[in-house]
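Let's take a look at a ligand site and at one lysine with its partners. Here is the sequence with its structure.

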Amino acid sequence: MKYNNPIIKGFYPDPSVCAANGKFYMVCSSFQYFPGVPLFESDDLVNWKQIGYVLTRKSQVMLDKINSSGGVFAPTIRYNNGRFYMVTTNDTTHQNFYVYTDDIYSEWSEPIYVDQGGIDPSLFFEDSKTYFMSNGIDSEEKSGVIQCEIDITNGKKLTDSRCIWQGTGGRYLESPHMYKINDSYYLMAAEGGTEYGHMIVYARADSIWGEFKGYENNPVLTNRNKAPYIIQGIGHGDLIQDNNGNYHILCLGFRQIHIWAPFHTLGREVFMVPVKFGDDGWFTAGNDGTAEESYEIEGDFVQEEKKFYTFENTDWNIEWCFMRHPHIENYELYNDKAVLYGTNITLDEVDSPTFIAMRQRDFEFELITRVSIDSGEAGVTVYSCENEHYDVALRKNSNGYETVLKLNIGGIKHEQICIPVSGSEITLIVRGCSVSYNFFIEDNGKEIHLDGGRAKYLSSEVSEGFTGVMLGLYAIGDNMAVFDKFSVNYNYNI
Ligand code: 6LW
């Protein structure tokens with residue numbers, strides 16, 4: 001059957017995947033957002049359903065006032081002896097840790113820390129041993145993929161950390177994952193940085209400690225020389241065998257906007273690329289080592305995509321998330337409405353304002369919500385980070401109510417337009433496309449265009465982040481805001 005890339009749209013970077021009990025499970029990085037590490041389930045590797053998050057408790061991860069794009073970096077998920085493990089880095093505290101669960105639909109354990117530095121930790125289980133690898137520097141100051149053996153019951157190191165591979169010479173060797181296939185050890189990693197030069201490389205050895213010999217045609221997968229081409233940044237992936245015995249790499253990539261001076265707003269998304277093993281045991285990926293928009297693969301499935309999101313058809317614990325650790329007493333979340341209580345924390349701060357959001361999943365969309373307030377301000381934010389976000393909101397002033405459109409770019413905070421409205425309730429509309437967001441209100445049955453903001457200023461290239469645009473509802477001030485209608489429609493065409 002045929003599938004289209006990306007297989008998961010929107011800001012879901014650094015995918016890692018494992019198989020267990022006839023299904024597949026995937027995790028992604030989440031940075032400053034909470035709960036941390038979105039968790040997905042699939043029957044066929046193409047259709048993924050989010051089933052929750054891994055880091056659901058404050059005690060599992062420190063996110064207080066952490067910088068945007070700090071916090072939870074790339075996770076790895078593995079299954080061994082009936083137990084799931086998720087290992088990741090809190091890049092703000094510089095700690096590598098793992099959590100585990102025996103029931104994927106339930107809570108995960110408290111963190112177990114491992115005293116090995118670097119980012120992008122991964123686990124490999126063999127016989128009764130557990131190997132822990134990350135990118136980093138070993139005790140002899142050698143940098144590359146660093147490995148040690150650990151006691152999986154307590155995270156204690158059983159060996160020194162040793163550099164087992166230094167890659168092919170590309171910058172930022174990261175995301176190491178180990179596999180054993182037909183008695184060979186394969187070490188797959190990324191190089192080039194998570195940007196336009198990103199690539200996947202691998203090496204092979206007869207022993208888990210090496211010596212690892214690089215594949216002679218590395219990088220095995222990259223779109224760095226593909227132009228003009230929408231899919232860029234292909235890298236950081238995990239290798240997985242499907243139910244028909246075929247291998248695939250699930251990796252990150254992004255959809256660039258424009259051919260010259262390109263940028264991307266939706267963050268890094270999940271792509272899948274078929275892998276073929278040769279008789280000599282070396283593998284190739286994609287079409288001559290590049291990732292394409294669609295592939296025909298073995299399997300009986302139909303690729304489905306949810307294009308319409310409402311309060312009623314989403315789960316607050318699954319599709320939505322908060323910024324850093326939320327002040328949970330400020331949220332009353334129902335099946336058909338959200339009641340938000342504002343505080344004096346604004347969207348311009350490195351903190352946790354009253355904010356609940358979902359990822360922007362595609363370029364063209366229409367968001368409609370209805371909000372009422374008693375005081376302060378509440379509305380919708382198209383949010384990249386505290387410096388770059390566009391907000392459309394209802395605000396109380398001394399005479400009554402007004403609608404305001406705020407464009408925040410590079411720390412410049414600008415009120416683009418502010419107009420009086422008839423009452424304490426308003427319908428806010430955002431229409432997005434790849435190059436702009438336009439903001440409207442509907443007041444007394446009449447639609448008014450407020451103005452627009454360019455998408456480029458919310459892109460990773462401008463905002464400098466690892467995250468993608470979020471569509472959020474927020475409240476500021478000592479107020480109660482009731483959102484009683486909400487939809488995001490990706491079938492919308494500008
Ligand atoms: C991640 C690293 C990377 O830990 O970006 O894509 C970092 N590569 O592997 C943050 O996502």
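## Sorting the shell

To read the ligand's surroundings, we need a sorting rule: Ala, Val, Leu, Ile, Met, Phe, Trp, Tyr, Cys and Pro count as nonpolar, Asp, Glu, Lys and Arg count as charged, and the others, Gly among them, count as polar. Keep in mind that this is a predicted model.

With that rule, the shell around the ligand splits into six nonpolar, three polar and four charged residues. In total, 13 residues surround the ligand, and the closest are Asp14, Asp120, Thr194, His236 and Arg268.

## Holding the ligand's oxygens

Which residue has a side-chain N or O atom 2.8 Å from an oxygen atom of the ligand? That's arginine 268. Threonine 194 also uses its side chain, with an N or O atom 3.0 Å from a ligand oxygen. With alanine 74, it's the backbone: one of its N or O atoms sits 3.5 Å from an oxygen atom of the ligand.

How much of the ligand's accessible area does the protein cover? On its own the ligand has 290 Å² of it, and the protein covers 98%.

## Lysine 9 and its partners

Now for lysine 9, which you'll find in the loop between β1 (2-4) and β2 (16-20). Leaving aside residues up to four places away in sequence, lysine 9 touches Arg255, Glu269, Glu305, Arg361 and Asp362.

Two of these partners also show up in side-chain polar contacts. The lysine 9 side chain pairs with that of aspartate 362 at 2.8 Å, and with that of glutamate 305 at 3.1 Å.

Notes:
Residues are numbered from 1 along each chain as its sequence is written. This is a predicted model: local features need pLDDT of at least 70, side-chain atom pairs count only at pLDDT 80 or more; totals for chains, interfaces and linings use all residues. Side-chain values use heavy atoms; hydrogens and water are left out. A residue is near a molecule or strand if one of its heavy atoms lies within 4 Å of it. A polar contact is a pair of N or O atoms within 3.5 Å; within protein, one must be able to donate a hydrogen and the other to accept it, and residues adjacent in sequence count only if both atoms are side-chain atoms. Accessible areas come from the Shrake-Rupley method with a 1.4 Å probe; for residues, only the protein chains shown count as cover. Helices (H or I, at least four residues) and strands (E, at least two) are DSSP runs, numbered from the N terminus. Contact means heavy atoms within 4.5 Å.
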